[in-house]
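Trainee: I am new to this structure and would be grateful for a guided discussion of it. May I put my questions one at a time?

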Amino acid sequence: MSKLVLIIKREFIAKVRNKSFIVMTFLSPLLFVGIGVFVGYLSTMKAELKTIAVHDETGRFVNEFKSDEEYKYVDLSKVDLKVLKDSIVSKSYEGLLIIPNTDDNAQLQNGIQYISNDSPSVSFTEDLEDIIAKKITAENFQKAGLDTLKINNAKATVAINLEKASGEEALKGLNEIKIIIGGAFGYLIMMFIVLYGNMVMRSVIEEKTSRIIEVIISSVKPFQLMMGKIIGTSLAGILQFLIWAILGLSAMFIVSSMFGVQMGASAGAQAQAMETAQQAAGSNIGMYIKELWNLPIATILISFIIYFIGGYFLYSSFYASIGAAVDNETDSQQFLLPIIMPLILGVYIGFFTVMNDPHGTVATVFSMIPLTSPIVMMMRIPFGVPMWQIIVSMLLLFGTFLGVVWFAAKIYRVGILMYGKKPTWRELIKWLKY
Amino acid sequence: MSNILEVNKVVKQYGDYTALNEVSLTVPKGSIYGLLGPNGAGKTSLIRIINQITMPDGGSVTLDGERLKPEHVAVIGYMPEERGLYKTMKVGEQCLYLAQLKGLSKQEAKQQLDYWFERLEIQGWWNKKIQELSKGMAQKIQFVVTVLHKPKLLILDEPFSGFDPVNANLIKDEIIELNKQGTSVIFSTHRMESVEEMCDYIALIHKSNKLIEGRLSDVKKQFRTNSYEVGILSDNIEGLMYDLSQKFTLSQTDFKSLNDELKLEINLGNATPNDLLNTLIKRGQVTHFVEKIPSMNDIFIQTVTK
């Protein structure tokens, strides 16, 4: 058996047998599900009912406020303002809305007050403003002698139908789906690089501190050891992702089959009311699914694997050489920062630039630069990227990888035999010449 | 007798610093060869070159008649001064892994392991992790790992450091046994008594240069001072001292003896031992007469501080 295979095997087994790997593999999906359920539960919880005192001196608006599950409006127009203000301080009411007595609507627009102990949410104040504005507008129309009904009828709503140049119908909101898919893959690559790159680094440091390194490199070449470590660790990571994917898919299958039954039952009860709405929604969902299938799925998956491998190899060679250069993890911080920066930059560019302009100059350039391309290009691909761009970006990535491995192997070779002092950047560069 | 290892004018530089300056060594087959030198002399640099961990900047190394090549790692066993094993890996698996890295098949490795575990009486350790073992126990494993693949050349850097006297003796016996079976051994050490005890040949490296090399007895001959330790019982000490000081250089010395005698160290200069004896016998009863052989310790200190 070749030595490289032996090393890969050992690294893989060492990682997989590690308790934290087992715990993370099986516990983190549970944790994810748990958090999801918890958040879902929280959002279904009804908010505490808040009572709002309305002191409407005009008497024209108080009936416009309709109580709902969250807010209850009480007409306290007759009560003295001073008493009401005291009751707010003593927290009998959540808030007090004061509409001053005036017939001048122009004056009303800026004369309304809301008093409360806790500052109200933006949506709540907007709602209040909306209700009052509507009423005033209606009154203004009336005063001007305009027929409100006619105006309402005259109002038009426009929905533009999106269509691709190729002639297929497109759906609004599909861009969001593309961003989610691209973002998920890009983010996954970043997470994997950081998690497993760190693992490679720690494993190098462990060999250094336990001093076994000299025994091993008297049998194998440092380059073989480094590559074996990187590949072995990545296999452990791929196994972890596979387990997660299988767990996730089977969980989805179970959940959907369970909910499918329930949904059928509830749909039966409300069948008549829902029927028309469902049909409309159904055809929409069908179109979304059709659109999803129209995404370049094969391209996405194949490039995910390639960028995943390329990006991970590129970064983990950095991680390995850093591990070789330092004696313990604390010393690694100063070298890690420049590595993590491009990763974070990639994610930011992905989420902000690509979302707005997937084929703009910034997005295109950063999907070519090897340090950010695995993330940025993955986010661009769902929007359709010319094949030549993908190929150029991949070639650049793997070319850079080869260069970086050469450079990392040199630092690694010298670093693993250096003990006791924290190297500087200048020394690392000097090592390249040894 | 042919040579297992020939190091020919090897140069190693780290930046501006020269770690080895045209160092040449010849290690005869079947010998126990002591590589001596103070800390930082360049011993470890040389050992790493022989193990192909680093490459020399100049010169060449020949192993068993062939120029050093990657396949040679399989015939060398190396125990570095900084011992180390994977702390969380089980003893058995670890030994198998390291043996396979040296090119043994799994079956061969297992066979060898059984032999050594039985020999060192550590069969029960197979499933223990290194971190559960004491330092001395881990050192035993380290030794087993080093010799498992039956190397032709064994390179041991400070082999006895970290062992208690019992285990140090055990390992020493194993090294001698392996040497008897034909394994050549290079060991680098500061402990001069083990050099005296075990080595056939020595080399002394100091400040990146080789200063001394040769058969241990030859080196000692080279450093002999022609001095003798003498014990004599005499009635006329003044007369004796007068006679001796006419011909030789004298100094007081001490050695273990049951007699209450005069103890002297006498440098013969150009005279022969018999000249000295003749002078002594005339004046009294000679109870002790031994050539003062320089110890490796003396040679080491004398060479290094020169």
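Trainee: Is B:Ile122 buried, exposed or partly exposed?

Mentor: Please keep in mind that this is a predicted model. A residue is called buried at 20 or more other C-beta atoms within 10 Å and exposed at 12 or fewer. B:Ile122 has 17 other C-beta atoms within 10 Å, and therefore counts as partly exposed.

Trainee: Where in chain B does B:Ile122 lie, and with which residues is it in contact once neighbours within four places in sequence are left aside?

Mentor: B:Ile122 belongs to the loop between helix H3 (106-119) and helix H4 (135-147) of chain B. B:Thr44 is 78 residues apart from B:Ile122 in sequence, and the two are 30 Å apart in space, C-alpha to C-alpha. With neighbours within four places in sequence left aside, the contacts of B:Ile122 are B:Phe117 and B:Lys140.

Trainee: How many residues of helix H2 of chain B are buried, and against which helices do these buried residues pack?

Mentor: Nine of the eleven residues of H2(B) are buried, so the rest of the structure largely encloses this helix. Among them are B:Val91, B:Cys95, B:Leu98 and B:Leu101. Just after H2(B) comes B:Gly103, with a positive phi of about 105°. The buried residues of H2(B) pack against H3 and H4 of chain B, together with helix H1 (3-17) and helix H8 (213-217) of chain A.

Trainee: How many residues does each chain bring to the contact, and how do those of chain B divide by character?

Mentor: Chain B contributes 20 residues and chain A contributes 18 residues. On the side of chain B that touches chain A, the largest share, four residues, comes from helix H2 (residues 91-101) of chain B. By character, the residues on this side of chain B are twelve nonpolar, four polar and four charged.

Trainee: What is the radius of gyration of chain B?

Mentor: Chain B is divided into domain 1 (3-221) and domain 2 (225-294), and the C-alpha centres of these two domains lie 44 Å apart. The C-alpha atoms of the chain fill a box of roughly 75 × 45 × 35 Å along the principal axes. For a compact globule of 306 residues, a radius of gyration near 19 Å would be expected, but that of chain B is 24 Å.

Trainee: Which strands stand at the edges of the open sheet of six strands in chain B?

Mentor: The order of this sheet is S6-S7-S8-S3-S9-S10, with mixed pairing. An edge strand has a single partner strand, so one side of it is left without a neighbour in the sheet; this holds for strand S6 (76-79) and strand S10 (209-215) of chain B.

Trainee: Which residue in S8(B) stands opposite B:Ile155?

Mentor: Strand S7 (residues 153-157) and strand S8 (residues 184-188) of chain B run parallel and are joined by five bridges. Opposite B:Ile155 in S8(B) stands B:Ile186.

Trainee: At what angles do helices H1 and H10 of chain B run to strands of this chain?

Mentor: Helix H1 (residues 43-50) of chain B lies across S3, S7, S8 and S9, and runs at about 150° to S7(B). Helix H10 (residues 296-305) of chain B lies across S3, S9 and S10, and its angle to S9(B) is about 30°.

Trainee: What is the bridge partner of B:Val230 in S14(B)?

Mentor: Five of the seven residues of strand S11 (residues 227-233) of chain B are buried. Six bridges join S11(B) to strand S13 (residues 262-267) of chain B in an antiparallel pairing, where B:Glu229 is partnered by B:Glu265. Another pairing, also antiparallel and with six bridges, joins S11(B) to strand S14 (residues 285-291) of chain B. In S14(B), the bridge partner of B:Val230 is B:Phe289.

Trainee: Is B:Gln52 buried or exposed?

Mentor: B:Gln52 is found in the loop between H1 and strand S4 (58-63) of chain B, and its phi is near 60°, a positive value in a residue other than glycine. With 20 C-beta neighbours inside 10 Å, B:Gln52 is buried.

Terms used. Residues numbered from 1 in each chain as written. Chains lettered and ligands numbered in written order. Predicted model: local features only at pLDDT ≥ 70, side-chain atom pairs only at ≥ 80, totals over all residues. Helix = DSSP H or I, 4+ residues; strand = E, 2+ residues; numbered from the N terminus. Contact = placed C-beta atoms within 7 Å. Domains from an automatic or database assignment. Nonpolar A, V, L, I, M, F, W, Y, C, P; charged D, E, K, R; others polar. Pairing = 2+ DSSP bridges. Rg over C-alpha atoms; globule rule 2.2 N^0.38 Å. Axes fitted to C-alpha atoms, helices over the stretch in contact; angles between N-to-C directions.
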